[in-house]
2 protein chains.
Amino acid sequence: MSAALSALIAELPDGTVVTDPDILASYRQDRARDPDAGTPLAVVRPRRTEEVQTVLRWANAHRVPVVPRGAGTGLSGGASALDGGIVLSTEKMRDITVDPVTRTAVVQPGLLNAEVKQAAAEHGLWYPPDPSSFEICSIGGNIATNAGGLCCVKYGVTTDYVMGLQVVLADGTAVRLGGPRIKDVAGLPLTKLFVGSEGTLGVVTEVTLRLLPPQHQASTVVATFASVEAAAESVLAITARIRPSMLEFMDAVAINAVEDKLRMGLDRSAAAMMVAASDDRGPAGAEDAEFMAQVFTEHGATEVFSTADPDEGEAFVAARRFAIPAVEAKGALLLEDVGVPLPALADLVGGVARLADHHELTISVIAHAGDGNTHPLIVYDPADAAMAERAAQAFGEIMELAIDLGGTITGEHGVGRLKRPWLADQIGPEAMELHRRIKDALDPNGILNPGAGF
Amino acid sequence: MSAALSALIAELPDGTVVTDPDILASYRQDRARDPDAGTPLAVVRPRRTEEVQTVLRWANAHRVPVVPRGAGTGLSGGASALDGGIVLSTEKMRDITVDPVTRTAVVQPGLLNAEVKQAAAEHGLWYPPDPSSFEICSIGGNIATNAGGLCCVKYGVTTDYVMGLQVVLADGTAVRLGGPRIKDVAGLPLTKLFVGSEGTLGVVTEVTLRLLPPQHQASTVVATFASVEAAAESVLAITARIRPSMLEFMDAVAINAVEDKLRMGLDRSAAAMMVAASDDRGPAGAEDAEFMAQVFTEHGATEVFSTADPDEGEAFVAARRFAIPAVEAKGALLLEDVGVPLPALADLVGGVARLADHHELTISVIAHAGDGNTHPLIVYDPADAAMAERAAQAFGEIMELAIDLGGTITGEHGVGRLKRPWLADQIGPEAMELHRRIKDALDPNGILNPGAGF
């Protein structure tokens, strides 16, 4: 062990720095399973802001790269370890205080999204953002990626709920940004700059979140279609008129994969299935559901089922949530996250199908359709090198397709390391240069998550 | 005229650069009437992004300060002209295209907020942010200050509706950020960085705005109180449970000033009046109104009036919107914009009353109470130097009071030039240093709105 690392260990409470090779190995990758992930020098698990400051001050002085890590559920390799670097895991930072009077929560980054929801619910309040991984992903990771989810079509994404942050900068300076003030325009909107910055500008050590009164019971509508285009057209007809609380899409592969596992009687012959909901209060929710059912019917839905029963509705939402694990049963997944402006949804899904044909791959598309945010799931066998190569090829070509359609390479997962080669194609050289200027200003030695984000 | 300015005039279409002293004089101040405003070298009124690039390239080369200006309705002196500088007015940039399918609008910055609302309404859509000045303020100015308004308590502020920007940087580079993609986390959230940056980081030349389906008819509740504390307590009881679409406060001075002008039968003896509304659809809105009426009654309201009639409701909203002009009839105003966490609302109003007594001034407080964002209106006579001095003193002390209560010096107007001396007290030296680093990275010569914002 280097003298430098020994000095860091000595500066931090016992057990904060881990160098056991077996443990290090378990921190090499996040759920993106980045094949190029390195082996870190150490994993550091601080409990307090001051300890994070110590780590960054040390890393900045020694020019050691630091990869911040939440719960390790990232899907773009944003938390892939670097050889000789530090993995700074926030998993031990788990305090939360809910203030029901101001409807806010002050949270440390290591708490899981589901735990934040639970703590809010204990006070009769609701934290909306709901990534599919909400039971296992951390709030700090949600902030790093500006995570979305299913209800975001109506309720917005993580950044819409972040009122304030404490952030430790690359040089170890701790800075407080924003706070429990609903409106506050004093100075630059720096709180917002850090939400979605993927650990490249600082390490968030405390968050002030805005909570809402509880969600009302939703009315749910499920519809199957013989064509993807018809389903996509129905999305436009719905979002032009109302604000559903969920508007999800599954393709034939996903429908069948879910049916294989759950045996709930889904129509295996359908080309697409929509799961939609409205949580508007009282009869309004049921009216919305009726409107959506009517739109689905007018767009040629083969079957339409509406329910105001929460358990029945939840079964279909669960089916949608289960789509990724169900497709994963067919092989390893490269999980895409491209988004397009809503009118391009059918073109994107059709283009993905053509790429699947061309590369002789199974690619299932599920989507937060109301947001234009899709998750093409590329199924492959890692033991089959040629197939893995074709999958990697398709992964890139799907991003190129999204860019051609005026879309984004990532709607909610982040760029991480896996999507970085495509970022410049989307945002252009001027925006890339603007990123570089801000990075240089905040992290001149480039120690924070180098290689990730941009 | 300098050779440099002649060169700029030659580079731009005829009439774009104005040097007529009478016209220059009309661009010296915004509505904050900053006494320290300078006299610009020229006013430039470009029509296209390329012309803005020409202006900034020229200004950067010659180190000439540029003050971006929307409609000149700013209340913090963000658009005060500088001696020898350029005022870059966006007033001629007035194009708009609404896409009802994607519920978006692409807008040039000079269009007024009301014109954006109108263009959206022509497609059956709604642009929510509604600063009181919505009929005369520009969308570019709204973006510069991240403007709020009355419906923001439920619908959020300007930044929540900005999906993309075209921005010209200090060196004349034009960069596109974001776009018509509902979810997009590719790269840093730079769109957000520019919303609320008060013209200090770049000049916005095009905006992509998110629009909503039309607002539903609101139910309105008006209540008067014998004490400010009781009114403030009712705010907490309401926002802990429901999401009203408006929750406004007026103090006794404002009530009487409005009644002087409008003679609508307001209770002149009341210490406070609340104007609240819910636009939840169908019976839910009426239920919310009933709940709020009940909360007001339980908190000792002296009179409570509910109506589902939109004209009746609108009369009270108009009364609230009329409060500033009504108080202005009593003298010149220093218009404050401080905000506090909701539980501190009564303390803030009480503290302002003590400052008014101490300085022998009339200070009326109106507030977007549901946001904790207040507008203390300091009435003074500019011809009375001693009184003007006391008013200036109170202006600063109100900000100090807000900071002491964990609040902000500006909830929605921006820091501009008038509030700048208090910013560091609110956000602290670390955050100030972070601002400086970003400014230096983006505008190394400091030509963009120097002296404003931070």
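In this predicted model, B:Trp422 has a relative accessible area of 17% and is buried, because anything under 20% counts as buried. Its ring is paired with that of B:Phe395: the two centres are 6.3 Å apart and the planes stand at 85 degrees, so the pair is edge-to-face. An angle over 60 degrees is what places a pair in that class. B:Phe395 belongs to helix H14 of chain B, residues 385-404, and B:Trp422 to helix H15, residues 420-442, so the contact between the rings ties together parts that are 27 residues apart in sequence. B:Phe395 is buried as well, at 8% relative accessibility.

Over all chains there are ten aromatic pairs. Another of them is formed by A:Trp126 and A:Tyr155, with ring centres 4.7 Å apart and planes at 80 degrees, so this pair too is edge-to-face. A:Trp126 sits in the loop that runs between helix H4 (113-121) and helix H5 (139-145) of chain A, while A:Tyr155 is in helix H6 (residues 152-155). The pair links distant parts of the chain, 29 residues apart. Both A:Trp126 and A:Tyr155 are buried.

Rings also appear with charged partners. In chain A, A:Lys117 lies over the face of A:Phe134, 5.9 Å from the ring centre. In chain B, the charged end of B:Lys117 is placed over the ring of B:Phe134, at 6.0 Å from its centre.

How are the two chains related? Chain B is superposed on chain A by a rotation of 180 degrees with 0.0 Å of shift along the axis, and the RMSD is 0.0 Å. This is the relation of a two-fold axis. The same surface serves both copies, since 100% of the contact residues of chain B recur in chain A.

As for confidence, chain A has a mean pLDDT of 97, and 100% of its residues reach 70 or more. The scores of the model are ipTM 0.96 and pTM 0.97.

One stretch of chain A carries a record annotation. An unreviewed UniProt entry lists residues 36-214 of chain A as "domain: FAD-binding PCMH-type". Over residues 36-214 the chain is 22% helix and 22% strand, and the C-alpha atoms at the two ends are 43 Å apart.

Some individual residues help to fill in the picture, beginning in chain B. B:Pro109 lies in the loop between strand S6 (104-107) and helix H4 (113-121), and with a relative accessible area of 1% B:Pro109 is buried. Apart from residues up to four places away in sequence, B:Pro109 touches B:Thr90, B:Met93, B:Ser138, B:Ile139, B:Gly140, B:Val204, B:Thr205 and B:Glu206. Between the C-alpha atoms of B:Pro109 and B:Pro341, which are 232 residues apart along the chain, the separation is 32 Å.

B:Tyr127 is found in the loop between H4 and H5 of chain B. At 0% relative accessibility, B:Tyr127 counts as buried. With neighbours within four places in sequence left aside, the contacts of B:Tyr127 include B:Asn113, B:Val116, B:Lys117 and B:Ala120, and also B:Ile139, B:Thr158 and B:Tyr161. B:Leu209, B:Arg210 and B:Leu211 are in contact with B:Tyr127 too. The C-alpha atom of B:Tyr127 is separated by 35 Å from that of B:Glu433, 306 residues apart along the chain.

In the loop between helix H5 (139-145) and helix H6 (152-155) of chain B is B:Asn146. Its phi is near 50 degrees, a positive value in a residue other than glycine. B:Asn146 is buried, with a relative accessible area of 10%.

A positive phi is also present in chain A, where A:Asn449, not a glycine, has a value of about 45 degrees. A:Asn449 is in the segment after helix H15 (420-442) and counts as buried at 2% relative accessibility.

A:Lys419 takes its place in the loop between helix H14 (385-404) and H15 of chain A. Is A:Lys419 buried or exposed? A:Lys419 has a relative accessible area of 1%, so this lysine is buried. Among the residues A:Lys419 touches, not counting those up to four places away in sequence, are A:Ser76, A:Glu336, A:Asp337, A:Val338, A:Phe395 and A:Met399. The C-alpha atoms of A:Lys419 and A:Gly396 are 8.1 Å apart, although these positions lie 23 residues apart in numbering along the chain.

Terms used. Residues are numbered from 1 along each chain as its sequence is written. Chains are lettered from A and ligands numbered from 1 in the order in which they are written. This is a predicted model: local features need pLDDT of at least 70, side-chain atom pairs count only at pLDDT 80 or more; totals for chains, interfaces and linings use all residues. Side-chain values use heavy atoms; hydrogens and water are left out. UniProt positions are given in the numbering used here, feature names are shortened, and annotations may be inferred rather than shown by experiment. Helices (H or I, at least four residues) and strands (E, at least two) are DSSP runs, numbered from the N terminus. Rings of Phe, Tyr and Trp (its six-membered ring) pair if their centres lie within 6.5 Å; planes under 30 degrees apart count as stacked, over 60 as edge-to-face and the rest as tilted. Buried means under 20% relative accessible area, exposed over 50%, partly exposed in between (1.4 Å probe, protein chains only). A charge sits over a ring if NZ of Lys or CZ of Arg is within 6 Å of the ring centre and within 35 degrees of the ring normal. Copies are superposed by least squares on the C-alpha atoms of residues with pLDDT of at least 70 in both. Contact means heavy atoms within 4.5 Å. pLDDT is the predictor's confidence in each residue, from 0 to 100.
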